[in-house]
Amino acid sequence: MTSLTSRRALFTAGGLGGLAVLAPSVAFADEAAELKDPVYEAATVAELLAVRPEKVPAGTLVRVAGYAAAGDGGGMLVRWDAESAAAVNGGTVLGSGAKGRWLQVHRGVGDFRTFGVFDDKKPADAALDAMVNDPSIHRIEAHTDLLFVKRHKYLRSDLELDFGGRTVRTDGIEKAGYDDPFAAVLFFQGKVTDQTVTAALTADMPELSDVFEVGDSSKFEVGQWWKAEVNKLSGAWERELQKLVQVTQIVDGARIRVNYLNGWELKAGRTITWTRVEPVTRVHVRNMVFTGAGADQYTGSHPVAYEYATWCDVSGIDATGTFWPVVMRRWCTHFQTRSCSLKNPTSVTWGGAGYLTQQIYCLYGHVADCHTSNARHLNDWTASAYGLVENCHGDGDDQGPFVTHGQYEHDLVYTGNSGLMTFANSGAAWGSAAKRITVRRHVCSWFVARVKVTDLTLEDVRVIRKASLAGSGMIWVNADGVQLRGCSADDRLIISQASNRSARPNVIEGCDFTIAAGTEIVQANVTAPVHLVRSVLSNLDGNAFNGTGELHLVDTELRGKEGGAPLPVAASTVRVRGGRLSGTGLKLTAKADQRISVGGGAVIEGTNAAKALLSRADGPGAVRWELRDYRGSTGDAGTAHIAVESGRNLYSAVGLRLSGGRLTLAGPGFGDGSYLQHTACVEEGVARAVPADGPRVQTGGNLLL
């Protein structure tokens, strides 16, 4: 072995084929010290590569001061490997010839500058490929703006790409294929193996089950990842189960436990197909300003996509002018998308385009502190579950920042966001179904969950109409376990029913709504009971409660528009307890048998266009009137507190306090099969039109003042 003294002499004397350009970087006080590999210096990569390599000792270390110039940020430490034939990449592997390479010595952190990439004039694609495909690199950093003209697909894990807040441009990027939202600049995709297992359920599998029948559990191992997919229902793409799950336990010879509580019941006979996946894991993308290119699905660009990925996070991407979603995910589990934004995507009408983030078949996602301007969707859950969206805001929001697709999403929570919302609204082909969605402290111009959304919960949701968006100012919900608390809408409330899965009551409590003229409040397809509790409905003018399910008004105030019509009600039972009806009234449609119960200190006052506060239409149904303990008052002499003039009526009024106006209980309304009991009431200044007492009519025992 050459001694340190003689070796240094050779270097400094111009020996060993040009290594005289190198000088030891360390001065040694003890010339006899044993040090095999002193570190030498070169100013630039070009200077390093100019050295004749044939006599450079193996293992020689050189500190390169810069890539193109000393101090330009592209400096690195390299080691000479005389036997290496690794592909030269201009950064981590330097050299020429068949073998002999300068190999970058690093601590697992890659830097574009060490590949001679210092700005966005030169494509950085080759450098990116070299670093991502180097398993010794766990972190890639950008310290300058970059240009990418390729769409990269990778299969690797345990990597962080931090762009340091620099701008990534994609001018002139290669064309994508048809309808390919995964043609991102960075696409990380796990491996789908050819190992599949198909098993039919021998018994019903209730929701919130994490133990699955698989036929033969010996084909599974704890820790493996599998995509689980149940066979289709009637719709073209309708499935209740599409998730990437991990095996956590082999329960017995035929069953496994996975890390997912199933959100939908699966009936005996349904078939689940299991496909083993080797996901990419813990690949994170951070801190990028992204400028999209192109204007269509072929030329447009977007930064990040994941498929079959776990624990892969994205944060700090500020994108402009993208086509497909900024962050596209499918078959992903456990992830965060934080502090990302999108402004002015190139399309908000092409299917799937113009999103900030879309998640398909995803579990355990957290989207937070994100923002969009003039985009289509900020966040889309498709066939996804157990996700949280918080402090996200969409302006220029007419296309709907917050949506679910309607492929059996479940257990999603939104907190502290703003922007238009519409759930499960993509069509029957996917099922139009979602379950247990909760929205808290939300402000928007439109909220619609009109299809098969079960057990929807809204808390402090404020819907405010804006003149530029027709139909805004509306809350529209499905009467299948829906519950609203502290919500408001300033144009309309619509309650319809598309499903009947929930045992939870439909409750609207502590809310206020301004109702537009000519709109239904409860649509005819509602057969479930609806409870309006301590709420206020204003601007009423003939707005119909057309559902046949029970209608419960508890301590609720209905305020009519001046000169407006009474409210048609088709509910099988109408129950008014407490509250106030002011300047409006209820008119039973009598298309079928109905029951109306009023009491609990309710107040019914004012007048309306029909001059009748409680009345019925001339329909075939029998109406059962149960009137107790309410106060009626009107300043209009022609207005009837109660008007019953036709049909079959089973009428009982006890303990009413009526002031002004009229009481119209006409003979034609109390023929065969009817009865009339009106007693123990206080009537002050009330003009009476009632039939004579008889076997089925009693109108005595009242205090008439």
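Contact is taken here to mean heavy atoms within 4.5 Å. The structure analysed is a predicted model. On this criterion, and leaving aside neighbours within four places in sequence, Phe 163 is in contact with Phe 112, Ala 142, Leu 146, Phe 148, Val 168, Leu 186, Val 285, Arg 286, Asn 287 and Met 288.

Phe 163 also belongs to the largest nonpolar core, which comprises 124 residues. Within this core, the residues touching the most other members are Phe 112, Leu 161, Phe 163, Phe 447 and Ile 642. Helix H3, spanning residues 125-132, contributes the largest share of the core, namely five residues. A further core of 20 residues lies apart from it and includes Val 214, Trp 226, Leu 241 and Val 247.

The environment of H3 was examined in turn. Because six of its eight residues are buried, H3 is largely enclosed by the rest of the structure. The buried positions are Asp 125, Ala 127, Leu 128, Ala 130, Met 131 and Val 132. These buried residues pack against a series of strands: E6 (109-111), E7 (139-141), E8 (146-147), E9 (152-154), E10 and E11.

Aromatic pairing was assessed over the whole structure, and 22 pairs were found. Phe 323 and Trp 324 form an edge-to-face pair, with a centre-to-centre distance of 5.0 Å and an angle of 85° between the planes. Phe 323 has a relative accessible area of 2% and is therefore buried, the limit being under 20%. Trp 324, at 2% relative accessibility, likewise counts as buried. The ring centres of Phe 423 and Phe 447 are 5.5 Å apart and their planes stand at 90°, so this pair is edge-to-face. The pair links distant parts of the chain, 24 residues apart: Phe 423 lies in the loop between strands E32 (421-422) and E33 (433-444), whereas Phe 447 lies in strand E34 (residues 446-449). Phe 423 is buried at 0% relative accessibility, and Phe 447 is buried with a relative accessible area of 0%. Elsewhere, ring pairs join Phe 212, Phe 220, Trp 226 and Trp 274 into a cluster; Trp 226 is also among the members of the 20-residue core.

Nonpolar side chains were also located at the surface. Tyr 178, Tyr 298 and Trp 350 form a nonpolar surface patch, with about 360 Å² of accessible area together. Tyr 178 is situated in the loop between strand E10 (159-169) and strand E11 (186-189). With a relative accessible area of 60%, Tyr 178 is exposed, since the cut-off for this class is over 50%.

Conventions:
Residues numbered from 1 in each chain as written. Predicted model: local features only at pLDDT ≥ 70, side-chain atom pairs only at ≥ 80, totals over all residues. Heavy atoms only, no water. Patch = residues over 30% accessible without salt bridge, like charges linked within 9 Å, V, L, I, M, F, W, Y side chains within 5 Å. Areas by Shrake-Rupley, 256 points an atom, 1.4 Å probe, with all protein chains shown as cover. Salt bridge = Lys/Arg side-chain N within 4 Å of Asp/Glu carboxyl O. Helix = DSSP H or I, 4+ residues; strand = E, 2+ residues; numbered from the N terminus. Buried < 20%, exposed > 50% of the residue type's maximum accessible area, 1.4 Å probe, protein only. Core = buried A, V, L, I, M, F, W, Y, C linked by side-chain atoms within 4.5 Å. Phe/Tyr/Trp six-rings, centres within 6.5 Å; stacked < 30°, edge-to-face > 60°.
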